[in-house]
Amino acid sequence: MKIFIILLSIAYSFCLPFSYAQSDKPVRIGVDGLSHDHIHGLLNRHKERTDIQVVGIAESNKERAQALSDRYGFDMSIVYDDLATMIEETEPEGVVAFNSIYGHLSTVEICAPRGIHVMVEKPLAVSPEHAGKMAKLARENNIHLLTNYETTWYPTHYKAFEMAVVNQEIGAINKVAINDGHKGPVEIGCSPEFLAWLTDPVLNGGGAVIDFGCYGANLMTWIMQNEEPETVTAVLQTIKPEVYPKVDDQATIILTYPHTQAIIQGSWNWPVDRKDLSIYGKEGYVTAHNQRDLEYRLTRSVPKQEIKVTEFPSAAKEPFNYFANVIRGNFKVEVTDLSSLENNLIVVRILDAAKQSAAEGRTIQFKK
């Protein structure tokens, strides 16, 4: 029965008609903040899009706004000092948050009572307290509150999920390993505006444990279809205190379930960029090395197979088109989806338990 429900969920979530772009006006989108470097993904070629229209930007740092305006060609007349004013002047249907993680609560507090849908960059919130307030506002005001992860748009993850969870081709899952990170935000050249809050324990909620631990918590919660872990154990370190004096730059989180274990490794110390996922079953395994390269071995008696995965199970292959489709009602967000509020409330609690585990040097019993 569970697998049947999963199949229905996948089919319903990703196969609804994709027609609004041809028949409807672009969805009016507002932007809250420009300090998050992921903003480049939205602004790049934004003028060419027919599915969304960026109608307003809330950003008090005009130097940052001007620099991005010069680079991407949006008019500074759509930039406002604060979110409330931007909403009043431009009337967006949805707002995407590119501010600090701490600022996500404020974004929802302003948007939700006005009936404006919100999509934040990962993770949902800095704490369960913030996340709870955000969820309450979203539900009371009947808005969508989504969380965007880069890894949500990896075709290999859906193929791995299909093989391991839906079709159970590798047998009962008993271990999952998820690795994410890079050399570090300073080392790869993140902007000063981004670094100002990304390396702040209050504004970001932590260091690598938040920045990259959230990917693993999100993916594992999806694989387990929102089943909560029994325990959370974590070790956090700062390998480069001269670079990151306030937050961790190395995080290992272990989640246990009745018959499964997950090891999540988030780091600002990897020698190379990585976002990879391995699911191990009783009979075989499947590994998504990146967004395109998949390796699997179904039993001990057959050699490993390596394939390129290019097919994505949705007409929307990136976050902003997806957000627009959800707003238009073309896609239904299921509670087990990677972007869903329900999944990401669990993610925030896992990250909070991980920080508590590391601080207290003990395993945390995961409770509601």
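A residue counts as buried when its relative accessible area is under 20%, as exposed when it is over 50%, and as partly exposed in between. The exercises below apply this cut-off to a predicted model.

**Exercise 1.** Find the salt bridge that Asp 37 forms with Arg 64, and state whether each partner is buried or exposed.

Solution.
- Step 1: the closest N and O atoms of Asp 37 and Arg 64 are 3.1 Å apart, within the 4 Å that a salt bridge requires.
- Step 2: Asp 37 sits in the loop between β1 (27–32) and α3 (39–43), whereas Arg 64 belongs to helix α4 (residues 62–72). The pair is 27 residues apart and links distant parts of the chain.
- Step 3: Asp 37 has a relative accessible area of 14%, so this residue is buried. For Arg 64 the value is 8%, so Arg 64 is buried.
- Step 4: Asp 37 and Arg 64 also belong to a network of salt bridges with Glu 193.

**Exercise 2.** Which parts of the chain does the salt bridge of Lys 275 with Glu 150 tie together?

Solution.
- Step 1: between Lys 275 and Glu 150, the closest N and O atoms are 3.2 Å apart.
- Step 2: Lys 275 is in strand β11 (residues 274–281), and Glu 150 is in the loop between β6 (145–148) and α8 (155–166); the pair therefore ties together parts 125 residues apart in sequence.
- Step 3: the relative accessibility of Lys 275 is 15%, which counts as buried. Glu 150, at 37%, counts as partly exposed.

**Exercise 3.** Describe the salt bridge between Arg 349 and Glu 228 in the same way.

Solution.
- Step 1: the closest N and O atoms of this pair are 2.9 Å apart.
- Step 2: Arg 349 lies in helix α13 (residues 341–360) and Glu 228 in the loop between α11 (213–223) and β8 (231–237), so parts 121 residues apart in sequence are tied together.
- Step 3: Glu 228 has 23% relative accessibility and counts as partly exposed.

**Exercise 4.** Place these pairs in the context of the whole chain.

Solution.
- Step 1: the whole structure holds 16 salt bridges, and the protein chain has 13 helices and 15 strands.
- Step 2: a compact globule of 368 residues would have a radius of gyration near 21 Å; the chain has 20 Å, which agrees.
- Step 3: 56% of the 368 residues count as buried.
- Step 4: among contacts with a separation of 6 or more, 72% come from residues 24 or more positions apart.

Conventions. Residues numbered from 1 in each chain as written. Predicted model: local features only at pLDDT ≥ 70, side-chain atom pairs only at ≥ 80, totals over all residues. Heavy atoms only, no water. Salt bridge = Lys/Arg side-chain N within 4 Å of Asp/Glu carboxyl O. Helix = DSSP H or I, 4+ residues; strand = E, 2+ residues; numbered from the N terminus. Buried < 20%, exposed > 50% of the residue type's maximum accessible area, 1.4 Å probe, protein only. Rg over C-alpha atoms; globule rule 2.2 N^0.38 Å. Contact = heavy atoms within 4.5 Å.
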